[in-house]
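Q: I'm new to reading protein structures. Could you walk me through some features, one at a time?

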Amino acid sequence: MKHLLSIDHLTVQEAVGILDTATELSRVNDGQLKKLPTLRGRTVVNLFAEDSTRTRISFEAAAKRLSADVINFSAKGSSISKGESLKDTAMTLQAMGADAVVIRHSASGAAQRLADNQWMSGAVINAGDGTHEHPSQAILDAFTIRKHLGKGASDLQGLHVAIVGDILHSRVARSNVLLLALLGAKVTLVAPPTLLPIGIEKWPCNVTYDFDSVLPVIDAVMMLRVQQERMTELFFPNAREYSRYYGLNAERMRKLKPTALIMHPGPMNRGLEISAEVADSARSVITEQVSNGVSVRMAILYVLLAGSPLDVGSI
Amino acid sequence: MSSKYVLKSVLLPNGDKRDIAIEDGVISAVSENFAPTSHVVIDASGSRVLPGLVDLHTHLREPGREDAETVLTGSRAGAKGGFTALSAMANTSPVADTAGVVEQVYRLGQEAGYLDVFPIGAVTKGLMGESLSEIGAMADSIAHVRIFSDDGNCVFNPLLMRRALEYVKKFGGVIAQHAQDPRLTIGSQMNEGEISARLGLKGWPAVAEEAIIARDVLLADHVKSRLHICHVTTAGGVEIIRWAKDRGINVTAEVTPHHLLLTDDRATSYDPIFKVNPPLRTSDDVHALREALAEGIIDIVATDHAPHPVESKECEWQEASFGMLGLETALSIVQKTMVDSNLMSWEQVADRMSSAPARIGGYKNQGQEIAVGSVANLVVIDASKNWQVDRDLTMSKATNTPYHGLILPGVVTHTFYKGHATVIGSIVQKIGDVQ
Amino acid sequence: MNVALSAEDISRALTRISHEILERNHGSANVVLLGIPTRGAHLALRVAEIMAKIEGTDIPCGTLDITLHRDDLRLRPPRAIMPTLIPASGIEGRDVVLIDDVLFSGRTIRSALDALGEVGRPKTVQLAVLVDRGHRELPIKADYVGKNLPSSLDQSIRVSLTEIDGRDEVVIENRKQS
């Protein structure tokens, strides 16, 4: 594995390899070991052309815990905001000796363009490209589910996960559908018809417009953030109607299985797609997702950077 | 430069083997065994001769975007591809919405001297879609404009489209519509379908094109005017045009070579070399377009040659410009998709790529029958040879061809424009002083 | 290929090592065993069991994976990380006995010392190995050795344990043969 661009191009072995590595590293994180020398001397560049605090900090923490040097290149005030092209940015990073670039960008496919064009020789890690994919988020979500409900298995066979919200614009949804299906879980997408893409019939998942119908049968529910802009862009009448049909409130939470997990990639619109009560409930693993994110990102960096640069196998 | 040539043993579009003599700009003989006198003899045995190709949809970028292409470089690219006439679209800078700009483009074409450059006039001022441009003045100018198009933009306001269709009746002009409902395609990047959903690229639904085609054929019928639909890309659009023709509506349509070959799955690489307006569609659409072209429901092939500078294509998909080169590969793509697949004969190719476009544009000296007395606008193609597309070797100033590395059939060996050889041995010649 | 240690040899060696550990550390009160995965971890469990029988109390036993501290990671594709399980007693102020199957260049133990350093500060660190085959590249020495097996560099030493390989034995083979 030279890059992590998408779940689409990931094999089951690679995915499970990252999950297993993350499991060991999370033990390391929970226990006494906080810093490892493994990536000492390596430079990881965070190229965040789109604003993000949590993902960037997560990757930064992951890199630093492995003793890598981290350089942050964020949108505001950087040459990207002044119109420097992706190509020139990449060649600058190459000149700086970046071993890996973690890229978040508003253009779908930006990570792949960076990797394919060979403007730089390091590993490319997609931290979210437009509305295409967000692989590390999906991996940390799968990690969280496996940890709680996996019963020691390496995959997610037999589990049923619902993903609720703005599927049309969500890279988190795309990556999650692909990874959960790859690991053997059953996936149901829940959204109003306006927020589902044409062509979704070919995805490895079910689709329903009726949130209440899936509540009793799912093992985990993943709520997606709904952006305020969607309301002005005519996707649904108003926030009230959206919450009424697609919001996870206390009443809906009661209809879930007692073991069902409540998840959200963040940041949350408390009161819109998820009520405060639900977000703070004992069944919510939302904050745990964040710390799992660091372990998972450490695993990704380890798999891509620790081994020989010539012999890019997987675990 | 010689002006007397004879093409020996060349195959006419209908398959007959003849010698063709060219003298003083016209075809002076078409016979079985011509005895050359001071003619330059070209051994064309095994090759096919067609009337010089006529493109009704070319972006020559001059004035305003000379970094991508000029009338001169575009003419050379056209000659290389076997064209003897190009129609320069109006979305230049300044827009070709006055007699002044179209006359400038016309003169640049004459000075370059490789082929006829027929400027197309904008339908609306500045392509803004608000008021009609100086259509009459452009028609009366030395550019003698007969085709009007806002291509790049759609004439979206139905009332304005109606007025335009009516107005050009005065001089037998035609409105060429770029069918794209702007409200259904805000920020759209590629065909809306399975692939766009997977790639996270905003979709461009087929209905955005088809709804405008439907509206405009009805308008053309209502006001009894002539309509031309640019770059048809969907099976649905073909059906609407078929319906319209059945009712006797005066509509013609064009398809680009790239829409005969490429499909939307090319976008999976996110390489914006495949980003084009209208977008690449599905293989069902490609098959419908090929059949429609063979049948004549789609009347012509038009390249929509759209040169762009390197930096406009070497970036993320969303940032990239829409468009592909087309002049130098058009005939080969048509041979590959239509002739070699037995969907069309060479005679039909001559019609779709020369006579029919000439007729639609009113270009009297183009698309003539290969017969004694006709203007010598000819292209000779060796259909049995293959060649490899190399973006660094284009005659065009730009390099944005989607076919780089592809091996295509059919090598243009000679192009004749008004009896002068613009291409000899596949090499574009120097014409006049302007190089 | 010849068998350097049979199953009985291994069993006797582990028993002797267990006694030696107890002797040197004056009992088991302060001892923590950490096996280095993969086979060292199983050996540690065996030693813990033997010591527990002798002393009549449970012996804290865990694993210490050294993958992340290796100095040769860049030479091969990424290696799988094995579990690191430090017993609840921790290692602060303890006499930690690292247990591995073969002591060779000493680099694994060097990595283990680094890894241990991140966990805490033991009172002492001791090393028990089933086989010492010489050819040290670093100044590392084992405190408890099952068997010294001088070998040449073109030979390989293969340790098999029932838990993983289905039988207990240690064999030496020439590289060309295998």
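Q: Leaving aside neighbours within four places in sequence, which residues is B:His228 in contact with?
A: The idea here is to look past the residues next door in sequence and see what else comes up against the one you picked. Keep in mind that this is a predicted model. For B:His228, the contacts beyond four places in sequence are B:Val174, B:Ile175, B:Ala176, B:Gln177, B:Thr252, B:Ala253, B:Glu254, B:Ile300 and B:Ile360. One of these, B:Glu254, also makes a polar contact of 2.8 Å with B:His228, side chain to side chain.

Q: Where does B:His228 lie, and is B:His228 buried or exposed?
A: Find the element, then check the accessible area. B:His228 sits in strand E13 (residues 227-229) of chain B. Its relative accessible area is 3%, so B:His228 is buried, the cut-off being under 20%. You can also compare sequence with space: B:Val251 is 23 residues away from B:His228 along the chain, yet their C-alpha atoms are separated by 5.6 Å.

Q: Can we try the same reading on a residue in a helix? What is B:Asp216 in contact with, again leaving aside neighbours within four places in sequence?
A: Sure, same steps. B:Asp216 is part of helix H6 (residues 206-223) of chain B, and its relative accessible area is 0%, so B:Asp216 counts as buried. Its contacts further along the sequence are B:Met161, B:Leu165, B:Gln177 and B:Leu227. B:Gln177 turns up in the list for B:His228 too.

Q: How do I read a whole helix? Which residues of helix H9 (residues 239-246) of chain A are buried?
A: Pick out the buried residues, then see where they point around the axis. In H9 of chain A, the buried ones are A:Tyr242, A:Ser243 and A:Tyr246. These three lie on the same side of H9(A), because they cover an arc of only 100° around its axis.

Q: What covers the buried residues of H9(A)?
A: Look for the elements packed against them. In chain A, the cover includes strand E5 (160-164), strand E6 (186-190), helix H7 (211-214), strand E8 (220-223) and helix H10 (250-254). Have a look at the start of H9(A) as well: there, a side-chain oxygen of A:Asn238 comes to within 3.2 Å of the backbone nitrogen of A:Arg240.

Q: What about backbone angles? What is phi of A:Ser67 near, and of B:Asp304?
A: Most residues other than glycine have a negative phi, and most peptide bonds are trans, so exceptions are worth spotting. A:Ser67 has a positive phi, near 70°. A:Ser67 is in the loop between helix H2 (54-65) and strand E2 (69-74) of chain A, and is buried at 14% relative accessible area. B:Asp304 also has a positive phi, near 50°. Its loop runs between strand E15 (300-301) and helix H10 (330-339) of chain B, and B:Asp304 is buried too, at 5%.

Q: And the peptide bonds: which residue does a cis bond join to B:Pro278?
A: For this you read omega. The partner is B:Asn277, and omega is about 0° for that cis bond. B:Pro278 belongs to the loop between helix H8 (257-261) and helix H9 (283-295) of chain B. Chain C has a cis bond from C:Pro37 to C:Thr38, with omega near 15°. C:Thr38 is in the loop between strand E2 (31-35) and H2 of chain C.

Q: How do I read a pocket? How many residues line the second largest pocket?
A: Ask about its volume, then its walls. The second largest pocket has a volume of about 830 Å³ and is lined by 30 residues, with C:Ile66, C:Arg70, C:Arg79, C:Asp100 and C:Thr108 nearest its centre. Helix H2 (39-55), strand E4 (95-103), helix H3 (107-119) and strand E7 (155-160) of chain C each give two or more residues to the lining. By class, that lining has 10 nonpolar, eight polar and 12 charged residues.

Q: And how many cavities of 30 Å³ or more are there?
A: There are five in the whole structure. The second largest holds about 60 Å³ of space. Of its 13 lining residues, B:Met190, B:Ala267, B:Phe274, B:Leu280 and B:Trp317 lie nearest the centre. The lining divides into seven nonpolar, three polar and three charged residues.

Q: Last one: which chains share the most contacts?
A: Compare the pairs that touch. Two pairs of chains are in contact, and chains A and C share the most contacts. Chains B and C do not touch, with their nearest C-alpha atoms 27 Å apart.

Technical notes: Residues are numbered from 1 along each chain as its sequence is written. Chains are lettered from A and ligands numbered from 1 in the order in which they are written. This is a predicted model: local features need pLDDT of at least 70, side-chain atom pairs count only at pLDDT 80 or more; totals for chains, interfaces and linings use all residues. Side-chain values use heavy atoms; hydrogens and water are left out. On a 1 Å grid over the protein atoms alone, a cavity is a set of points where a 1.4 Å probe fits but cannot get out, and a pocket is an open set with protein on both sides within 12 Å along at least five of seven lines; lining residues have an atom within 4 Å of a point. Grid points are joined across faces, edges and corners, and a volume is the space filled by probe spheres set on the points. Helices (H or I, at least four residues) and strands (E, at least two) are DSSP runs, numbered from the N terminus. Ala, Val, Leu, Ile, Met, Phe, Trp, Tyr, Cys and Pro count as nonpolar, Asp, Glu, Lys and Arg as charged, and the others, Gly among them, as polar. Buried means under 20% relative accessible area, exposed over 50%, partly exposed in between (1.4 Å probe, protein chains only). The arc is that of the directions from the helix axis to the C-beta atoms. Contact means heavy atoms within 4.5 Å. A polar contact is a pair of N or O atoms within 3.5 Å; within protein, one must be able to donate a hydrogen and the other to accept it, and residues adjacent in sequence count only if both atoms are side-chain atoms.
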